[in-house]
Amino acid sequence: MTGQEVVFVIVGVVVLGAAVRCVTTRELVHAALWLVVALGGLAVQYLLLTAEFVAWVQVLIYLGSVVVLLLFGLMLTRAPIGPSPDADSGNRPVALAVSLASAAALVALVVDAFRTSWIELDRPHGESGPVGESLFQNWVLPFEALSVLLLAALVGAIVVSRTRGNEQRTEQRTEQRDGQRNGGVG
Amino acid sequence: MHLLYPAVLAALLFSTGLYGVLARRNAILVLMSVELMLAAVSLNLVAFDVWLRDAMHSGQVLTLFLIALAAAEIGIGLAIVLLVYRTRGTSAIDQLRELGESAHPAPDEPAAERTTETTPT
């Protein structure tokens with residue numbers, strides 16, 4: 001085992017443990033924090049695989065914004081301090097059986113298929129320069145399509161989250177402003 | 001590095017996310033588990049891209065696209081969950097059954113209708 005493999009196994013155990021805690025813990029906010037640990041460890045794995053640009057994008061997007069969005073979602077629906085006993089639904093045994101079966105099948109398949117494959121990590125593959133050149137030479141059209149999709153998703157999220165549900169939320173603070181807006185529109 | 005390490009880790013991470021999707025009740029926790037599954041796919045893409053030394057960096061570029069798609073998905077998903085919570089008062093996915101078929105249909109016409117509809121020919 002080389003040093004990279006040792007570090008990969010150690011960080012992989014941390015990632016897997018954090019992921020298991022994330023899907024089994026009964027405290028909702030702790031689940032989001034365990035997700036931070038799992039995704040951060042995955043960024044370390046990307047660095048070990050010499051994909052540094054993807055690693056920093058992972059840190060920026062996932063740890064920076066997605067987890068914050070999830071925490072905001074938890075706070076806006078309900079933010080129980082302490083364990084909530086109804087975090088798991090009634091089909092836990094079925095879920096456990098399905099996930100164990102899929103894990104066994106996938107691991108057996110992967111081990112059988114790639115038993116003699118080695119990743120050569122001497123030359124880095126995935127620095128920012130080559131990835132950027134490849135992104136803007138070969139992948140420009142998917143990139144632009146994805147930017148349009150992101151814009152559509154953003155507009156869709158705004159439209160979904162500010163509709164006529166205002167009558168529950170608008171208290172005395174925004175009543176006047178809404179009155180003006182509705183008057184202006186209608 | 002042996003290719004098995006990232007591949008096995010990705011498989012186990014995917015199964016963990018699958019368990020979370022199936023076993024969780026809160027919709028936001030389900031979204032978190034979906035994020036875990038997407039992260040497992042990303043690890044696979046990066047590992048195989050580095051293994052194959054792809055000249056177009058396909059795996060890493062697709063990982064970047066996947067991260068952007070996950071951000072869009074989490075935005076839309078959270079907006080929908082918040083809207084459902086505002087109108088229904090809950091985000092437990094096993095209590096939102098308004099659009100589902102009832103497990104025990106009434107013994108009058110819906111059962112007859114269903115048998116006539118789903119009779120294989």
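How much area does chain A expose, and what share of it do carbon and sulfur atoms supply? A few points on that and on the aromatic residues follow.

1. Keep in mind that this is a predicted model. Chain A exposes about 10,900 Å², and carbon and sulfur atoms supply 67% of that area. Of its 186 residues, 34% count as buried.

2. On the fold side, chain A has 8 helices and 0 strands, so from the N terminus on you read α-α-α-α-α-α-α-α. Take the contacts in chain A between residues at least 6 apart in sequence: 62% of them join residues at least 24 apart.

3. Searching the whole structure turns up 5 aromatic pairs over all chains. One of them is A:Phe114 with B:Trp51: the ring centres are 5.8 Å apart and the planes sit at 80°, so this pair is edge-to-face, the cut-off being over 60 degrees. The pair crosses between chains. A:Phe114 is in the loop between helix H4 (92–113) and helix H5 (128–137) of chain A, while B:Trp51 belongs to helix H2 (residues 27–52) of chain B.

4. B:Trp51 also pairs with B:Phe48, again edge-to-face, with 5.8 Å centre to centre and 75° between the planes. These two are 3 residues apart in helix H2 of chain B, which means about one helical turn separates them.

5. Are those two chain B rings buried or exposed? Neither, quite: B:Trp51 is partly exposed, at 28% relative accessible area, and B:Phe48 is partly exposed too, at 22%. Buried would need under 20%.

6. Put together, A:Phe114, B:Phe48 and B:Trp51 make up one aromatic cluster.

Notes. Residues numbered from 1 in each chain as written. Chains lettered and ligands numbered in written order. Predicted model: local features only at pLDDT ≥ 70, side-chain atom pairs only at ≥ 80, totals over all residues. Heavy atoms only, no water. Phe/Tyr/Trp six-rings, centres within 6.5 Å; stacked < 30°, edge-to-face > 60°. Helix = DSSP H or I, 4+ residues; strand = E, 2+ residues; numbered from the N terminus. Buried < 20%, exposed > 50% of the residue type's maximum accessible area, 1.4 Å probe, protein only. Contact = heavy atoms within 4.5 Å. Areas by Shrake-Rupley, 256 points an atom, 1.4 Å probe, with all protein chains shown as cover.
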